[in-house]
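Trainee: Got a minute to walk through this one with me? I'd like to get my bearings before I go back to the bench.

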Amino acid sequence: MPRDITAEPLFPVDDIQGDILTGLPKRHEHLMFFTIRDAASFKAFLKSLDLTSMKTCLKDRDTIAAQKAINDQLVPTPGLNIAFSFSGLQKLGVPQVSAMTGAEAYKNGMASRQATLLDPPQAQWKTLKPDAALHGVFIVTGASHAEVVDVISLRLAPAQTNGWRLLSEEVGTVRPEPVVGHEHFGYADGVSQPGVRGRIAATTPFHPTVAGGQDNQAALGQDLLWPGEFVFGFPGQNPGAPSFEIKGPDKAPPIPFMNHGAYLVVRRLAQFVPEFNASVKAASAAVATGADQADPVLMGAQMVGRWKSGAALINAPTEDDRSVGDNTPRANAFEFGDDRQGLVCPWAAHVRKAYPRDDVRHDVTPDETTVSAAEAFTQSHRMMRRGIAFGPELTEDEALSGLSANGKQTRGLLFKCYVTSIENQFEFVQQQWANVADFSQELSGIDPIIGQSVSTSRPFRGAAPFSKDLAKKPDLSLRSFVQMQGGEYFFAPSIPALKAL
Ligand code: HEM
């Protein structure tokens, strides 16, 4: 149906924190976990705290684009956002917070969901172990380390006078050229994000419809979703509708304070890079004979669902093709409907698990109506990802030995995402899709990147990219290369809600 911009909500761009819908531009990011020592001083500090709004982020993005048109010089983009744990909202005496119903995951914290998510026991966590004194996190971003430090000293210090104390910190850094924006296994990250309906001014859509594309897409393959999926107080998706375009009811905030805010999920995910590379080689050797012999590079792409350039396997079935990779118009222009049997992109490939697009659960011959209804359901489980890499680059010694220098040299992804339902979005994807061997089809296996399992044998049914022969799909067993080392659920309120405390 044609897009009617005026029917989409107008965002209060001064009020919504910038990281949620736009993303704070960043090369460096510090997550500073804090406790509130003195609620009165902290509230006074909040009143004058310069938080980066969606409006500032939009302006920064325009400045970066304008600079890019001239040269690659980095533009200073200091950013600061804040989010609170449930105990943080209680400490601040947010009205009605103790009577808040639902939102069990947020209220009880990530560690309480260990059995649901199949996370490692908290005794093994390296950070963010449950702590009632953990009240919140400052998200500080910049184009350089110096810029981040500048924000800390200009806006956050002195901690004591401002009523807070640092408990712990995680430092993220974008990887160096030419792998800027790639995660540590080497694949372009942040390629696919949901398109969002809504306006930033009377007649200006936040995500305009791309020329030559469809009315329901912000870019080729980037479906436009209702913003209540990511910020409270706006209409959300309608999972039971015949089409994902049909608006669902408003996502009402659990308490008024939460209007125009979002939950933030933070997880420290260590990546065992040499072990991943060794496993990719072993897995490709296991299918080394016959028509579907896959070299390690292809096998790695099958585990992710994209090549290192970001090109989707569906668009580049047998070799990487930068012309459809990250930052190209066709990076997200694909569905799985022409590969229902998972012969090109395995059903369990990370991107196919995390966002199955037009896949239909346990049905490889669906009709159009079934596909459309399945898409409407799938679009109610999306998330706005805002992760960044952490840790040093792989050393030559680690590469040669095939072993990460554990403890000293951990590296990985500081995973962050914004949602309005932790249970139905982040947890659903992790628990019902990534960790489950029969999603999307029976015998798919678990997500080789983020799937968690109590068993050490992790099934992964590969693809048969050359023969396209169903009988030739390999049954592989992989070890785990990603280890969850701690995390927590937070809430990022609107800026006026904080000032009014
Ligand atoms: C160390 C851990 C992880 C690594 C290395 C990783 C890597 C990647 C890569 C390379 C992509 C493809 C590029 C892109 O579209 O951005 C991707 C996409 C994605 N990942 Fe992850 N990821 C990790 C953790 C997670 C977690 C914990 C979740 C959520 C439970 C998640 C959800 C997604 C989603 C939703 C997409 C987009 C799929 C799409 O729209 O096509 N990822 N990830």
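**Around the ligand**

Trainee: Which residues come nearest to the ligand?

Mentor: Bear in mind that this is a predicted model. The ligand has 27 residues around it, and Tyr 187, Val 191, Ser 192, Ala 354 and Tyr 355 come nearest.

Trainee: And which elements give two or more residues to that shell?

Mentor: Those are strand S10, helix H10 (350-354), strand S13 (412-419) and helix H13 (422-434).

Trainee: How do the shell residues divide into nonpolar, polar and charged?

Mentor: You get 17 nonpolar, 6 polar and 4 charged. Both domain 1 (5-260 + 492-499) and domain 2 (269-413 + 427-486) put at least three residues into the shell.

**Two domains**

Trainee: OK, domains then. What separates the centres of domain 1 and domain 2?

Mentor: The assignment splits the chain into domain 1 (5-260 + 492-499) and domain 2 (269-413 + 427-486). Taken over C-alpha atoms, their centres are 26 Å apart. Domain 1 brings 53 residues to the contact and domain 2 brings 47 residues.

Trainee: Which elements supply the side of domain 1 that touches domain 2?

Mentor: Helix H1 (18-21), helix H6 (114-117), strand S4 and strand S9 each supply at least two residues. S4 has the largest share there, with 4 residues. By type, that side of domain 1 has 23 nonpolar, 17 polar and 13 charged residues.

**The core**

Trainee: Switching topic: which residues touch the most other members of the largest nonpolar core?

Mentor: That core has 126 residues, and the ones touching the most other members are Ala 262, Tyr 263, Leu 264, Tyr 418, Val 419 and Phe 491. Strand S10 (residues 262-271) gives the most to this core, 7 residues. Domain 1 (5-260 + 492-499) and domain 2 (269-413 + 427-486) each contribute at least three residues to the core.

Trainee: Take Ala 262. What does Ala 262 touch?

Mentor: Leaving aside residues up to four places away in sequence, Ala 262 touches Ile 20, Phe 230, Val 231, Phe 232, Tyr 418, Val 419, Thr 420 and Ala 492.

**Enclosed elements**

Trainee: What about helix H9, is it largely enclosed or exposed?

Mentor: Helix H9 (residues 296-304) has 7 of its 9 residues buried, so it is largely enclosed by the rest of the structure. The buried ones are Leu 298, Met 299, Gly 300, Ala 301, Gln 302, Met 303 and Val 304. Helix H8 (273-286) and H10 are among what covers them. Just after H9 you hit Gly 305, with a positive phi of about 95°.

Trainee: And why is strand S2 largely enclosed?

Mentor: Because 6 of the 6 residues of S2 (residues 79-84) are buried. Gly 79, Asn 81 and Ala 83 are buried on one side, and Leu 80, Ile 82 and Phe 84 are buried on the other, leaving both faces covered.

Trainee: Which strand does S2 pair with?

Mentor: Strand S3 (residues 136-142), in the antiparallel sense, over 6 bridges. For instance, Leu 80 has Val 140 in S3 as its bridge partner.

**Backbone oddities**

Trainee: Now the backbone. Where are the cis peptide bonds?

Mentor: One joins Ala 157 and Pro 158, with omega about -10°. Pro 158 sits in the loop between helix H7 (145-156) and strand S4 (164-173). Another joins Phe 439 and Ser 440, with omega about 0°. Ser 440 is in the loop between H13 and strand S14 (458-461). As background, most peptide bonds are trans, and most residues other than glycine have a negative phi.

Trainee: So what is the phi of Ala 103?

Mentor: Near 50°, a positive value in a residue other than glycine. Ala 103 lies in the loop between helix H4 (86-91) and helix H5 (104-108). His 260 also isn't a glycine and has a positive phi, about 65°. His 260 is in the loop between strand S9 (222-225) and S10.

Trainee: Is Ala 103 buried or partly exposed, and what about His 260?

Mentor: Ala 103 has 18 C-beta neighbours inside 10 Å, so Ala 103 counts as partly exposed. His 260 has 22 C-beta neighbours inside 10 Å, so His 260 counts as buried. The cut-off for buried is 20 or more.

Conventions
Residues are numbered from 1 along each chain as its sequence is written. This is a predicted model: local features need pLDDT of at least 70, side-chain atom pairs count only at pLDDT 80 or more; totals for chains, interfaces and linings use all residues. A nonpolar core is a set of buried Ala, Val, Leu, Ile, Met, Phe, Trp, Tyr and Cys residues joined through C-beta atoms within 7 Å. A residue is buried if 20 or more other C-beta atoms lie within 10 Å of its own, exposed if 12 or fewer, and partly exposed in between; C-beta atoms are placed from the backbone. Domain bounds come from an automatic or database domain assignment. Two residues are in contact if their C-beta atoms, placed from the backbone, lie within 7 Å. A residue is near a molecule or strand if its C-beta atom, placed from the backbone, lies within 6 Å of it. Ala, Val, Leu, Ile, Met, Phe, Trp, Tyr, Cys and Pro count as nonpolar, Asp, Glu, Lys and Arg as charged, and the others, Gly among them, as polar. Two strands pair if DSSP finds at least two bridges between them.
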